[in-house]
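This report covers a sheet, charged pairs, cysteines and some surface positions of one protein chain. The sequence and structure come first, and the description follows.

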Amino acid sequence: MTELLKGKAYIDSIIEELQKRSDALKEKDIVPLLAVVRMGEREDDLAYERGLKKRAVSAGVVVKVHMLPETADQKDVENLIGDLNADDKVHGILVFEPMPAHIDSEKVHKRLTPAKDVDGVTSGSMATVYSGTGKGFAPCTAEGCVELLKFYGVELAGKRVVVLGRSTVIGKPVSMLLLAENATVTICHSKTTDLPAICKEADILIACIGKGKFVGEQYLREGQVIVDVGINFDEEGNMTGDVDMEAAQSVGVAAITPVPGGVGMVTTAMLMKHVIESAER
């Protein structure tokens with residue numbers, strides 16, 4: 001029977017801890033504050049914002065939204081980031097993406113101070129992930145993958161882990177985080193030769209390639225643990241992961257994160273954790 005590694009159980013456990021840490025900070029007159037920078041009124045941004053605020057309340061974090069018009073220019077955005085960097089009451093900054101096409105997102109990222117980059121998008125944050133030192137934070141989804149595995153008692157040290165995907169947001173950073181846990185990590189991608197065979201050898205497979213149900217029976221074997229990071233939509237509008245869930249269960253994988261209800265749920269909890277850590281610093 002394949003175990004479902006659901007995100008809710010982990011969130012329930014960490015939210016209580018985060019609330020206690022927030023309360024301890026408030027006793028010292030420190031209120032964990034996340035500044036959200038949003039450009040325009042995209043419906044998906046607004047939906048994410050609503051979910052973010054709900055999670056923040058349960059963790060004891062205050063969210064302050066700084067809304068710029070979609071027509072805001074590069075200078076407006078960078079000046080706002082500079083002001084938030086300098087504000088001691090702001091402990092974390094989250095810039096909603098994708099930004100409007102006329103905005104150079106790389107320049108915006110460079111303007112962020114790593115100490116407040118709670119979503120792990122700056123080069124300074126990446127340096128922290130790769131070196132294990134510094135004031136930056138790991139990308140929330142990448143860290144969520146590792147934390148979810150640890151929560152469910154999945155042994156990482158010495159295990160063969162295959163990461164299917166090499167993005168700077170998930171694939172590369174999650175590989176570094178797993179190495180820090182003493183796993184043996186192989187990074188695969190679309191150009192990897194004999195991809196199914198390599199994936200099949202893994203004790204743990206992290207699927208973050210961004211293709212719906214790409215990972216089928218030929219990639220899987222009995223007893224594996226699968227972390228499905230994919231968020232895709234089929235022709236009927238149903239959300240699917242990068243892994244074919246039916247194929248995974250028929251093969252007999254030991255455990256898998258569901259989509260929806262798995263890693264995606266954990267991401268905002270990681271964000272709140274980073275804001276509180278920043279405030280504690």
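Methionine 239 has a relative accessibility of 32% and therefore counts as partly exposed. The coordinates described here are those of a predicted model. Methionine 239 belongs to strand β10, which spans residues 239-240. Together with Ile231 and Phe233, Met239 makes up a nonpolar patch on the surface, and the accessible area of the three together is about 310 Å².

**The parallel sheet**

Six strands make an open sheet with parallel pairing, in the order β1-β11-β8-β7-β5-β6. Its edges are β1 (3-4) and β6 (184-188), each of which pairs on one side only.

Strand β5 (residues 160-164) has a partner on either side in that order. With β7 (residues 204-207), β5 pairs in the parallel sense over 4 bridges. With β6, β5 also runs parallel, and 5 bridges join these two strands. The connection from β5 to β6 passes through helix α7 (residues 171-180), giving a right-handed β-α-β crossover.

Valine 163 shows both pairings at the level of one residue. Its bridge partner in β7 is isoleucine 206, and its bridge partner in β6 is isoleucine 187. How many of the 5 residues of β5 are buried? The count is 4, so the strand is mostly covered, since buried here means under 20% relative accessible area.

**Salt bridges**

Side chains of opposite charge can pair when their charged atoms come close. In this model the count comes to 16 salt bridges. Three of them are listed below, with the N to O distance for each.

| Acidic residue | Basic residue | N to O distance |
|---|---|---|
| aspartate 44 | arginine 42 | 2.4 Å |
| glutamate 49 | lysine 53 | 3.5 Å |
| aspartate 203 | arginine 221 | 3.3 Å |

In the pair of aspartate 44 and arginine 42, aspartate 44 has a relative accessible area of 45% and is therefore partly exposed. Arginine 42, at 32% relative accessibility, also falls in the partly exposed class.

Glutamate 49 and lysine 53 both sit in helix α2 (residues 43-59), where a spacing of 4 residues places them about one turn of the helix apart. Is glutamate 49 buried or exposed? Its relative accessible area is 8%, so glutamate 49 is buried. Lysine 53 has 37% relative accessibility and so counts as partly exposed. The two residues also take part in a network of salt bridges that links Arg38, Glu41, Glu49 and Lys53.

The salt bridge of aspartate 203 with arginine 221 joins two loops. Aspartate 203 lies in the loop between α8 (195-201) and β7, and arginine 221 lies in the loop between β7 and β8 (225-228), so this pair ties together parts that are 18 residues apart in sequence. Aspartate 203 is partly exposed because its relative accessibility is 21%. For arginine 221 the relative accessible area is 24%, so this residue is partly exposed.

**Cysteines**

How many disulfides does a search of the whole structure find? The search gives 0 disulfides. For cysteine 145, which is in no disulfide, the nearest cysteine sulfur belongs to cysteine 208 and is 7.1 Å away. A disulfide requires two cysteine sulfur atoms within 2.5 Å, so cysteine 145 does not qualify at 7.1 Å. Its relative accessibility is 1%, and cysteine 145 therefore counts as buried.

Cysteine 188 is likewise in no disulfide, with the sulfur of cysteine 199 as the nearest cysteine sulfur at 5.2 Å. That distance also fails the cut-off of 2.5 Å, so no disulfide is assigned to cysteine 188. Cysteine 188 has 1% relative accessibility and so counts as buried.

**A loop position**

Where is isoleucine 30? Isoleucine 30 is in the loop between α1 (7-26) and β2 (33-39). Its relative accessibility is 27%, so isoleucine 30 counts as partly exposed. Isoleucine 30 and asparagine 182 are 152 residues apart in sequence, and their C-alpha atoms are 36 Å apart in space.

Terms used
Residues numbered from 1 in each chain as written. Predicted model: local features only at pLDDT ≥ 70, side-chain atom pairs only at ≥ 80, totals over all residues. Heavy atoms only, no water. Patch = residues over 30% accessible without salt bridge, like charges linked within 9 Å, V, L, I, M, F, W, Y side chains within 5 Å. Areas by Shrake-Rupley, 256 points an atom, 1.4 Å probe, with all protein chains shown as cover. Salt bridge = Lys/Arg side-chain N within 4 Å of Asp/Glu carboxyl O. Buried < 20%, exposed > 50% of the residue type's maximum accessible area, 1.4 Å probe, protein only. Pairing = 2+ DSSP bridges. Right-handed = clockwise from strand over helix to strand, strands pointing away.
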